[in-house]
Amino acid sequence: MSLMLVSGIAFSQDFEIKGKITDNEGRSLGSATVYLEKPADSSLVTYTISKENGDFRLVGNSPVPKLNIYVSYAGYKPYIDSVPVRNKDLGTLKLKLADNQLDEISITARRAPVSIKTDTLEFNAASFKTREDANLEAVLKELPGVDVDSEGNITVNGKPVSRILVNGKEFFGDDPKIATKNLPKEIIDKIQVVDTKTKSEEFTGKEGDSENKTINITIDEDKNRGFFSRLTAGGGTNDRYELSAISNYFKDDLRMSLLASSNNINSSGFTFDEVYDAMGRNAYSIARNSNGSFSINGNSFGGGGSGITETDNIGFSLVNEWPKKTEASLNYFYNHADNRNEVLIERENILPDGRFFVESNSSSTRINDNHRFSTSFEVQPDTLTRISFRPNFNASQGKSFSESGTRSLDENGNLINTTLTRNETEVVNTNFSNRLYFARKFGTSGGFYSLSFSNENRNHKEKDLFYSEREIIGNEGATSSLEIQDQLLDIEEKRNQYSVFSSLRIPISENWDIDFEAEYENVEGTNERMVYNASAQGEYDLLNETLSNDFRTQMNTFKPALGLVYSNDTLRFGIAGGLLHTRLVNDDVISGTAIDETYSDFFVDSNLRYSFNKSKSVYLSVRNSRRMPEIRQLQPVRITTNPLNVIQGNPDLAPTMTTRIYLNFNNYDWESRSGFYLYAGGEVNKDEVVTTTTTDENLVRTTTYTNLNGAYNLYAGASLDKKIEIDSVNTIKVEPGIYGNYNRRLGFSNAQQFQVDNVSLNPHIDLEYDLKDKLTLEPGYRLGIVNADYSLNDRNENYLNHELNFQVTSYWPENFIFGSDFSYQKFGNISPGFKNQFYLWNASLGYKLLGDDGILKVKIFDILDENTATKRVTGDDFIQDTQELVLERYLMFSFTYKFSKFGGKDPNKKGNRFF
């Protein structure tokens with residue numbers, strides 16, 4: 001290994017080359033790309049971006065005596081020269097304007113590794129060296145300022161990537177991991193990073209979401225046709241198995257995709273990990289919020305909650321485009337999930353004058369079938385007009401069975417009550433949504449007007465056979481009362497939402513625009529909850545009028561607004577304000593009572609973004625919004641399905657008005673390959689909906705809701721990433737960061753108002769050492785510091801959580817792939833009987849065969865058989881520990897076969913052999 005470390009630096013000469021970039025008139029050119037290449041093979045040695053004053057500095061080492069230097073800047077002729085490999089000041093390099101077509105061709109003939117344009121950061125994929133069979137994710141990991149974590153989530157200069165496009169179009173849905181895990185590098189030309197925009201914003205030119213990024217992958221025209229497929233099959237101990245297939249075909253504007261998978265290891269099977277396959281690095285830890293769930297086209301698959309899930313999926317996607325920018329898409333997905341879970345809970349409930357404890361054991365099985373269908377049609381009959389139509393339909397049917405046993409103890413450990421519950425539930429859900437959009441541009445300065453109509457129609461039907469026994473224990477330990485419920489719950493809930501939105505933008509100067517907007521929304525909801533007691537004959541035909549209810553709610557909102565927008569090369573500022581007028585009508589049909597209230601508030605929506613240069617900016621936003629209470633919080637009926645906590649809604653609740661503020665600062669320094677990112681924000685709520693709980697002498701709680709002012713949430717975070725290139729093959733990446741949160745929650749307990757002040761601080765550091773194409777080492781450490789102060793009973797809770805990770809990936813010797821993923825977690829203040837620490841070690845060994853198209857693997861999940869899912873939660877008036885069922889140790893053998901062809905070539909074949 002030591003020979004590997006020094007081989008890249010043997011006989012190399014260190015250098016520092018600096019200078020200044022200006023135009024022919026001596027004006028500084030910031031954000032010009034300056035890079036060095038080896039003359040023999042044009043391979044990239046190093047690169048940088050000039051500062052705002054035009055200064056640049058290139059540092060590195062090279063075994064050749066001379067290198068070619070290139071300077072690239074949009075609209076100017078490239079600068080080309082040869083420089084010796086030593087410390088040298090080149091002085092001022094003047095660029096000339098590109099004044100004819102030949103100059104433009106010479107600029108594009110040799111692409112710079114990185115280019116910064118007005119609103120686009122562009123990378124040339126070929127400039128960044130990876131393994132021959134690398135996918136898009138491997139390329140992204142090599143790009144400066146781009147981070148891909150162990151779960152495949154992408155950030156660019158500290159901002160999350162929300163979607164990936166291919167040639168400007170969605171790539172078989174909007175889940176980025178489908179593209180990053182499956183697109184081969186060979187077909188990729190450029191990688192472009194832009195602010196995330198809706199298609200409406202792209203067409204009209206309206207500002208997008210600068211706090212989320214979109215990556216667009218461009219493919220050469222001769223390679224924009226072909227297919228790639230992957231088949232995986234695996235079997236292991238404890239009857240664990242995985243089967244998955246993905247096949248994608250595209251030809252110019254036609255794209256088709258077929259997905260299918262089946263497994264019982266909490267995985268979707270669609271996002272292929274070359275080291276661990278469907279097992280993934282994240283299929284085991286609640287702390288990482290990973291239960292195997294998966295999202296594609298905005299639809300969730302696989303997970304079905306915590307526990308162990310056996311899932312079967314199949315999906316189909318078709319997109320085609322015709323002249324006049326007419327595009328249609330069709331998507332269908334089916335998911336079957338069979339979930340099993342077991343949960344152990346210990347909870348400390350805090351009262352004004354004491355506390356009591358609840359212990360609970362439960363088990364459940366859930367079977368669910370989902371059908372999801374979506375389509376879209378878009379057309380631009382001319383260059384100024386766009387029309388789109390996007391209907392979606394989802395349907396699901398599920399069955400579940402659960403049972404639980406619970407007991408409550410007073411502060412001295414005396415048993416006060418016990419309860420036993422059983423539920424057998426059948427649920428049917430349907431959801432139809434649609435959006436019709438029309439936009440028309442006018443003038444030459446960005447004016448437009450638009451009109452849209454949208455609707456969402458939800459229907460939920462549920463039949464629940466419910467049985468419970470609640471036993472109250474007397475002073476002598478004997479039963480003082482026993483209450484039995486044997487009921488059928490017949491529930492139907494509907495929600496119909498319709499809205500119309502119109503907007504008009506009028507440019508008033510080169511930099512100033514006025515926006516006029518108006519939105520009308522009508523939401524109608526019904527919840528018919530009928531409870532039938534069992535008769536002596538065992539029939540559920542006795543209506544319980546006390547627990548039954550037919551509740552209707554209607555909300556009408558009118559929101560006119562006037563806005564002003566300013567934009568230039570460095571500053572973008574927008575402010576909008578208007579009236580938020582809402583009418584809320586609640587109707588209790590059975591009791592014949594109704595409440596009709598009107599709320600009017602002024603709102604402000606403002607944002608400011610200032611760019612110091614192309615890679616350093618600050619952003620600030622302030623927004624108001626109104627949140628309506630949920631129908632379960634409004635419905636005035638007693639819900640007794642938890643016999644120890646009876647819930648009843650409050651139809652007098654008012655909407656919650658929320659004010660949010662957000663600030664961030666992003667700075668990436670190309671010369672030092674380092675980035676610093678800082679963000680902070682918070683929200684304050686007026687008329688927050690909070691719980692009001694009364695606990696009687698038998699420790700039975702009754703909960704309802706009310707409005708209260710004073711709740712808020714504050715947060716802040718900072719991170720740094722630094723890439724240290726030791727030489728051409730050895731790289732170290734350092735990524736420290738910290739996140740903090742402070743929130744105040746409110747409520748009432750036994751008529752006494754309380755508050756909880758919760759502070760959490762989470763520092764972390766991640767390191768990565770990469771020996772190119774050979775070895776990657778990734779250690780990381782996270783510390784969680786939690787402190788919760790309860791005004792109730794002056795209770796304080798503070799504890800530390802520790803998480804240590806170490807991942808090893810080796811591609812040496814040739815054709816072998818080895819992966820080791822070790823994690824240690826320790827949880828503070830966990831209740832006795834709960835596992836407060838565990839070691840989790842997964843490993844994989846693969847061998848490439850059949851010309852790199854096949855991979856044979858053996859994988860071991862949880863080698864030490866230590867896996868657990870434990871967590872502690874600090875709630876409004878409680879502290880709760882939970883432990884759930886998890887996957888246990890298994891060994892699996894798998895085989896994966898890939899076959900692909902792009903532009904007539906198989907990218908997996910060496911030597912460019914034809915498929």
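Let's start at one small spot: Asn238 sits in the loop between β16 (225-236) and β17 (241-251). Its phi is near 55°, a positive value in a residue other than glycine. Keep in mind as you look around that this is a predicted model.

Asn238 isn't a lone case. Ser31 also has a positive phi without being glycine, this time near 70°. You'll find Ser31 in the loop between β1 (13-23) and β2 (33-37). Is Ser31 buried or exposed? Its relative accessibility is 7%, so Ser31 counts as buried, the cut-off for that being under 20%.

Another loop to visit runs between β44 (795-810) and β45 (816-826), and Pro813 lies in it. Look at the peptide bond that joins Trp812 and Pro813: it's cis, with omega at about 0°.

Now zoom out. How many helices and strands does the protein have? There are six helices and 50 strands. The radius of gyration is 31 Å, close to the 29 Å that the globule rule gives for 915 residues, so the protein is as compact as a globular protein of that length. If you drew a box around the C-alpha atoms along the principal axes, you'd need roughly 95 × 65 × 55 Å.

What about the inside and the outside? Of the 915 residues, 48% count as buried. The accessible surface comes to about 41600 Å², and carbon and sulfur atoms own 53% of that. As for charge, you can count 99 positive and 127 negative side chains, with the centres of the two sets 8 Å apart.

The chain also brings together parts that are far apart in sequence. Take the contacts with a separation of 6 or more: 64% of them are between residues 24 or more positions apart.

Aromatic rings give you something concrete to look for, since a search of the whole structure finds 21 aromatic pairs. One of them is Phe861 with Tyr890, a stacked pair with 5.3 Å from centre to centre and 20° between the planes. Phe861 belongs to strand β47 (residues 854-861) and Tyr890 to strand β50 (residues 890-902), so this pair ties together parts that are 29 residues apart in sequence. Both partners are tucked away: Phe861 counts as buried at 0% relative accessibility, and Tyr890 is buried too, with a relative accessible area of 2%.

For a last stop, find Tyr610, Phe612, Phe665 and Phe676, which ring pairs link into a cluster.

Note on methods
Residues numbered from 1 in each chain as written. Predicted model: local features only at pLDDT ≥ 70, side-chain atom pairs only at ≥ 80, totals over all residues. Heavy atoms only, no water. Helix = DSSP H or I, 4+ residues; strand = E, 2+ residues; numbered from the N terminus. Rg over C-alpha atoms; globule rule 2.2 N^0.38 Å. Buried < 20%, exposed > 50% of the residue type's maximum accessible area, 1.4 Å probe, protein only. Contact = heavy atoms within 4.5 Å. Areas by Shrake-Rupley, 256 points an atom, 1.4 Å probe, with all protein chains shown as cover. Lys, Arg positive; Asp, Glu negative; His and termini not counted. Charge placed at Lys NZ, Arg CZ, Asp CG, Glu CD. Phe/Tyr/Trp six-rings, centres within 6.5 Å; stacked < 30°, edge-to-face > 60°.
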